[in-house]
Each structure stands twice: as structure tokens, then as C-alpha cells.
Amino acid sequence: EEAGVTDMFVIDSDSSLKPSKVSFEGTSSLIGRTKEMSAFIDNSKCTDVDEHCYRYCTDTCLRRVTYLVDPADTENYKLQVCDSNDCIEVDGKYYYEDDDTYQYNPTNNLKNTISLKSRYFAVTLPKREAYSAVFLDENKNPTWPSYVETKYEKIQCAGALMDDSIILNDSVLPGECDSLIKNGDAQDSNEHHKFWLHRSDGIQLKRGEGIGGSNAFSDVTLTTGSRVTFVQYLDTRCLDLQVGSLYEVKAWAKLQDDDGDGSIHRCDIDTENCPELRITTRYPSGDDVIQSSFLLGEAVRYAELSEGYFLIHGEVTITPEMASASAVQLNIKRNRRDFHMYIDDVSMKRVDPKCNDELIQNGDFETMDSRYWDRLDARSLDIVIPGASGSDDRALKSYGGSAKQLVRLGCIQKGQRYMITSKFQLLQNEKNRSCDPNATGNTKCPQILFRAKLNGQFSLFRAKAIGSPSDKDWNVIYGTFTADSRSENAEELRLQYDNLNGGADLIVDDVSIRKIPIDCKELEENGDDEIAERAKQDGICK
């Protein structure tokens, strides 16, 4: 008791340790003299052994159940366990070895911040048909600590509590799963990196260092190099409920030379290691834990930094494997050993499943970055100015190859007609050049290939350059197709640029796949006269 141990118990399988005044044969238990140990026991069977500070309870078999939870900002949580007559509340425990492994700052307490450790709540119970349990926050409100791993101790005696006898409250409020990141903008506290953990090199709140003078998070040192990772555990209840749902993940990152001249580094994803987003899952397997990780998002290409920050972007569909994991982390990995990383405005939001008439995302690049786009076979990509609409417009440039976009699934309808369009400029040795839509050699024009993949089989639809592509103006790619069943049920839909002359660079803008019929008047108002004229010829205007 003086040591603060409140949940001690010993199983005496043959009652050989019973006090002299007790006559009983069979399983008994020695327990600590606390409410949480005695609440569910028949106290008429217990004898106080005052000289040794324990109680001896005959005909009593106990079994411990331990819940491992997210350590981030759960230090004031309690676990409440009830049967039909009584309830107990237990505190969580967290162990941290104060060694050199994590001594990144002697003045910074690492307790509750290391992602590799869990806080645990343990209860020791006699057999019942069922108990109810709920986690309570500091205000006694029901809550959920991101994840809960349940471990039933091995049975030590007959008549022990059975597995799954505790019903844990995991109810979810409406809308609670629309956004999975807490305190992504670092504004929940001006003193603490609330809800965030680290894997190495620490994490700290930086007041006024975020976008627009807001708060941000940063690492503390560069001692562990590229391994530094910021971590937040995701709500496992939501993952279970949202299997098949698509989530968009964003994080704004800044790389800065805090140990030198304070300069900000522009990270080029095509030529160097940049911060990235990863998902890490954990699955208990007996006494072991199986952990796996996959890439979720990378830094995008951009025309200019936003107050020193650039976007890391990705999308993920919640899979049955993610839902069955005992714990799932969002990781933001620095991937550098030469610059400190700052993070702001992190989000993971469920994408509205409603389909739009426009299937291509960021086809006009007005986000000023390359989100949703990636290299196919190009050496690199870049956001360039001007775009097709003039000096304030942006476009995507691919060097020595082409770009691609994965189109969201579930929005293509069998039998529906679609129109593919794009503006383009073709460059050779940084000079615009013309092309021939009918040629197959060095003067050929780029095309768009829309590819639907299902069970290793493909449906391919092409759009080609129209008119007389010149080296002076923006040229047009145009085509139509009728979706088939493979497109409707595809496991992958991909738009890519094709038919490029070897070594040529390509600039594209206003990329689109739209349902037919289309509004040709709107096309004319937007200056897309050539597309509108061709659409009228094909009779696809409404």
C-alpha cells in the first residue's frame, strides 16, 4: 500500500497460504485492500490479514484484463467497470525508462509523448456473465482513447472470468468519423503538442511559427537523422465503421535550417528525399505484435512556397485490414537529417461519396500545386506559369515523359458517354513546336489514354489532338467514349498522357473528363471555342 500498488493479487490454488483461522480447501486469492480489488468479490468469504496488509478470500478465482491505449493526453482518463451492483474506476499507468535513447532535451519530460509505448489500464475480476466498461475523460464524460488493445491474462484457476466478458462502450456520435485528426492546426493549446506523439528526436509546440502566424509543431534535434516521425493514432472505431470510405489527407510542412542561418529549404520530390505521410498498422499475434507500414502521401510540386510551407498530400481508402488492426497511426516522416521539420494544418477528412460531373481533380491547377497528379515516365514534374488562361494561370509541365492521375472509383456509369479534353503545348529543347495528329514519327502529337483495369484486363479509350496544332498557341486534345462494365466496376481508373515523342516535354492545362451532354455555351464563354465547335459537330451539346 505504501508503494502505491493497488491491484496486487495472488492465486492460491490449493489454499495452502490460508490464515490459521480459515478452514477451506480449493482455490483462494490474496488481494490488496482496495476498493477496486474488493468491489465485485463476495466479501463474506474474505479475511483481513492486517499484519501483511492483504485480504484472503476463499473460493475466489480472479483474472486480470489489461487495456493498452493511446498515451497522448490520456493521463487523466479513467476506466470505469461495472456489474449489476457496483462500479469501480481505475487510473491508467505509463512506464518510461529515462535512458539516453530519448534524451533529446533534459528539460523536456518525455512522459506521455513516445509513440512506441502505451498507457495501460488493468482490472482484476471474478467471473461474471458480463461486465460493462467505459473510458471517462477528466470531466467524467464517456470517451475513446483512439485505440484499445485488450489482453486477457492466462487463466490460472477453475471458474475464472471468460474471454470477452467485458462489454466496452465504443459508441460513436454522428459526424465523429468525418475528420480523424485532432489538433491538426496546433491551436488546441499554446503550451503543449496536444494529441501528438513522436518516434524519435521529440516534438514541440512552436508558437507563431505556423501558416499565417498560427502555431505549428516541430522536431527538437537532428540527432536521429531521417527517422524522426510525428505520430497521431487514429480512432479505430471509425476505421471499423468506414470500411470502403475514401479519406483525403493533408499536411503542410516546412524544412528549415534552425542550426545554421535559418534558411528555408525548397524540397524537390523528384530529386531528393522529402517529408512523407505513412500509415502504420499494428496487429497483436499471441505475445507478439505484427506491425506494417505503407506510403500514404508525398510532397507535391508547387510554383512557390506558402510562407515557407509546402503540401504533403494523399488519399486512402479504409480497408478491412486497417479496420481489423488493433492500432493505426498516421505518421509524418521527416526523411531528412539536415533540416528541421515544421508541421501545420494536418487533416484527414472523409471524401463525400457523391459523384460530380467532372471526374478529373485539379485539372486546371488552380491549387498552385500538383496534388492528385504524379509522374508516369517523366523525369520530373513542375507547376509553371503561364497556363492556358493567361499570365496568372498555372499549368503542369512534365519533363521527358508524361504525367498521370488516378481517377476516383465508383463514378463511371456503364452506358454513359464521356468527353475527354485538355489543352497542351509541346516543347523540344525548351522551344515550342508544332505536331501532326496523323503522324506516327517525330512530329506526332500527344494523346490522352484513359485506362480501366479490372482483374488484370483493360479497357482503353483515347483522345487525340484536333485542328492544326501549332508552336504558337495552346492546342487541344479531344475525344469521347462510352463506358463499359469494366469501367464501371474498375479496381483502377487512370488518365495518362501518351504518344509522346522521345525526349519531348509537355505542358498541360484544363484537363477534363465530363459526362455528355455538355454545356457548349459555357465552353464558348470560357474561351474553349475549338472544343465547343467539335462538340457541336458530334451532337453532344445540351
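This passage describes the nonpolar cores, the largest pocket and the aromatic pairs of a predicted model. Residues are numbered from 1 along each chain as its sequence is written, and side-chain values use heavy atoms, with hydrogens and water left out. Because the model is predicted, local features need pLDDT of at least 70 and side-chain atom pairs count only at pLDDT 80 or more, whereas totals for chains, interfaces and linings use all residues.

The largest nonpolar core (buried Ala, Val, Leu, Ile, Met, Phe, Trp, Tyr and Cys residues joined through side-chain atoms within 4.5 Å; buried means under 20% relative accessible area, exposed over 50% and partly exposed in between, with a 1.4 Å probe and protein chains only) holds 39 residues, of which Leu-234 and Ile-332 touch the most other members. At least two residues of this core are supplied by each of α2 (236-241), β17 (246-256), β19 (276-285), β20 (288-299), β21 (310-317), β22 (327-333) and β23 (340-350), where helices (H or I, at least four residues) and strands (E, at least two) are DSSP runs numbered from the N terminus. The largest share, five residues, comes from β17. Beyond its neighbours within four places in sequence, Ile-332 is in contact (heavy atoms within 4.5 Å) with residues including Trp-196, Phe-230, Ala-251, Leu-277, Ile-312 and Ile-343. A second, separate core of 37 residues includes Ile-360, Ile-412, Ala-483 and Tyr-497.

The largest pocket (on a 1 Å grid over the protein atoms alone, an open set of points with protein on both sides within 12 Å along at least five of seven lines, for a 1.4 Å probe, its lining residues having an atom within 4 Å of a point) has a volume of about 1,400 Å³. Of its 44 lining residues, Leu-246, Glu-315, Tyr-372, Leu-406 and Arg-408 are the closest to its centre. β20 gives the most to this lining, with six residues, while β20, β21, β27 (403-407) and β33 (492-498) each supply at least two.

The structure holds 11 aromatic pairs, in which ring centres of Phe, Tyr or Trp (its six-membered ring) lie within 6.5 Å, planes under 30 degrees apart counting as stacked, over 60 as edge-to-face and the rest as tilted. Phe-461 and Phe-481 form a stacked pair, 4.4 Å centre to centre and with 25° between the planes; this pair links strand β31 (residues 457-465), which holds Phe-461, to strand β32 (residues 475-482), which holds Phe-481, the two being 20 residues apart. Phe-461 counts as buried because its relative accessibility is 14%, and Phe-481 is likewise buried, with a relative accessible area of 5%. Ring pairs link Tyr-418, Phe-450, Phe-461 and Phe-481 into a cluster.

Methods:
Points joined across faces, edges and corners; volume = space filled by probe spheres on them.
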